[in-house]
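Biologist: Before I rely on the terms used for this structure, I should like to hear the reasoning behind them. Could we take them one at a time?

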Amino acid sequence: MQPGEKGNEYGEKPVFAIWYETTNLSDTDINPTSGWMTVFEAVQDNDPDAVNTLEVAGLPDDQFLDSQLETIKKDGTVKNAVAYELDELETPVTLIASQGIGGDKLGEENFNIK
């Protein structure tokens, strides 16, 4: 989404947005935002010397303003969205999943920028 477009009305950079669902399978209190941030990291591999982890942008979908931080009950599922500021529009975004912050890598997926 370009700056000024719906979902990125206040940003100064284009953003890469993802809509997702979080299911709480644990006895721990989690919300959709913390559930996502604990597992996922977005990277644009466009720097030969450093890992370019993307910064989180503003919420791309207003329908989640009131629910993004609500506690998910055990076995409950809540929808949400997240956006990341893009540094440029050529390099794909790699979404990396880990077993919690600093945990073992679970996998990754590349997304081309349209």
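Modeller: Let us begin with a charged pair in this predicted model. Lysine 13 and aspartate 87 form a salt bridge, and their closest N and O atoms are 3.1 Å apart.

Biologist: Why is the contact between lysine 13 and aspartate 87 called a salt bridge?

Modeller: The term requires a side-chain nitrogen of Lys or Arg within 4 Å of a carboxyl oxygen of Asp or Glu. The closest N and O atoms of lysine 13 and aspartate 87 are 3.1 Å apart, so the pair qualifies. Lysine 13 lies in the segment before β1 and aspartate 87 in the loop between β3 and β4, so the salt bridge ties together parts that are 74 residues apart in sequence.

Biologist: What makes lysine 13 and aspartate 87 partly exposed?

Modeller: Partly exposed residues fall between the limits of 20% and 50% relative accessible area. Lysine 13 has 35% relative accessibility, and aspartate 87 has 39%. Both values lie between the two limits, and therefore both residues receive that label.

Biologist: How many salt bridges does a search of the whole structure find?

Modeller: The search finds 3. One of them joins lysine 74 to aspartate 27, with the closest N and O atoms 3.8 Å apart.

Biologist: What do lysine 74 and aspartate 27 tie together?

Modeller: Lysine 74 is in the loop between β2 and β3, and aspartate 27 is in the loop between β1 and α1, so the pair links parts that are 47 residues apart in sequence. The two partners carry separate accessibility labels: lysine 74 is partly exposed at 44%, whereas aspartate 27, at 72%, is exposed because its value is over 50%.

Biologist: How do you know that glutamate 108 and lysine 105 meet in a salt bridge?

Modeller: Their N to O distance is 2.5 Å. That value is within the 4 Å limit, so the pair counts as a salt bridge. Glutamate 108 is partly exposed at 44% relative accessibility, while lysine 105 is exposed at 54%.

Biologist: Why does aspartate 61 have no salt bridge?

Modeller: Side chains of opposite charge can pair when their charged atoms come close. For aspartate 61, the nearest side chain of opposite charge is lysine 6, which is 6.4 Å away. A salt bridge needs a separation within 4 Å, so lysine 6 does not supply one. Aspartate 61 is nevertheless buried, and this residue lies in the loop between β2 (40–44) and β3 (77–85).

Biologist: What joins the side chains of aspartate 61 and tryptophan 19?

Modeller: A polar contact of 2.7 Å joins them. The limit for such a contact is 3.5 Å, and the distance is within it.

Biologist: Why does glycine 100 count as buried?

Modeller: The relative accessibility of glycine 100 is 18%, and buried means under 20%, so the label applies. Glycine 100 is found in the loop between β4 and β5 (105–111). The C-alpha atoms of glycine 100 and lysine 13 are separated by 28 Å, and the two residues are 87 apart along the chain.

Biologist: What makes aspartate 75 exposed?

Modeller: Aspartate 75 has a relative accessible area of 52%, and the label of exposed applies because that is over 50%. Aspartate 75 lies in the loop between β2 and β3, and has a positive phi of about 70° although it is not a glycine.

Biologist: Which residues lie nearest the centre of the second largest pocket?

Modeller: They are Gly35, Trp36, Val39, Phe40 and Ser98, from a lining of 13 residues. The pocket holds about 200 Å³ of space. Helix α1 gives the largest share of the lining, 4 residues. By class, the lining divides into 6 nonpolar, 6 polar and 1 charged.

Biologist: What is the volume of the largest pocket, and which residues are closest to its centre?

Modeller: Its volume is about 290 Å³. Of the 20 residues lining the largest pocket, the closest to its centre are Gly7, Asn8, Glu9, Leu59 and Pro60. The lining has 8 nonpolar, 5 polar and 7 charged residues.

Technical notes: Residues are numbered from 1 along each chain as its sequence is written. This is a predicted model: local features need pLDDT of at least 70, side-chain atom pairs count only at pLDDT 80 or more; totals for chains, interfaces and linings use all residues. Side-chain values use heavy atoms; hydrogens and water are left out. On a 1 Å grid over the protein atoms alone, a cavity is a set of points where a 1.4 Å probe fits but cannot get out, and a pocket is an open set with protein on both sides within 12 Å along at least five of seven lines; lining residues have an atom within 4 Å of a point. Grid points are joined across faces, edges and corners, and a volume is the space filled by probe spheres set on the points. Ala, Val, Leu, Ile, Met, Phe, Trp, Tyr, Cys and Pro count as nonpolar, Asp, Glu, Lys and Arg as charged, and the others, Gly among them, as polar. Helices (H or I, at least four residues) and strands (E, at least two) are DSSP runs, numbered from the N terminus. Buried means under 20% relative accessible area, exposed over 50%, partly exposed in between (1.4 Å probe, protein chains only). Lys and Arg count as positive and Asp and Glu as negative; His and the chain ends are not counted. A polar contact is a pair of N or O atoms within 3.5 Å; within protein, one must be able to donate a hydrogen and the other to accept it, and residues adjacent in sequence count only if both atoms are side-chain atoms.
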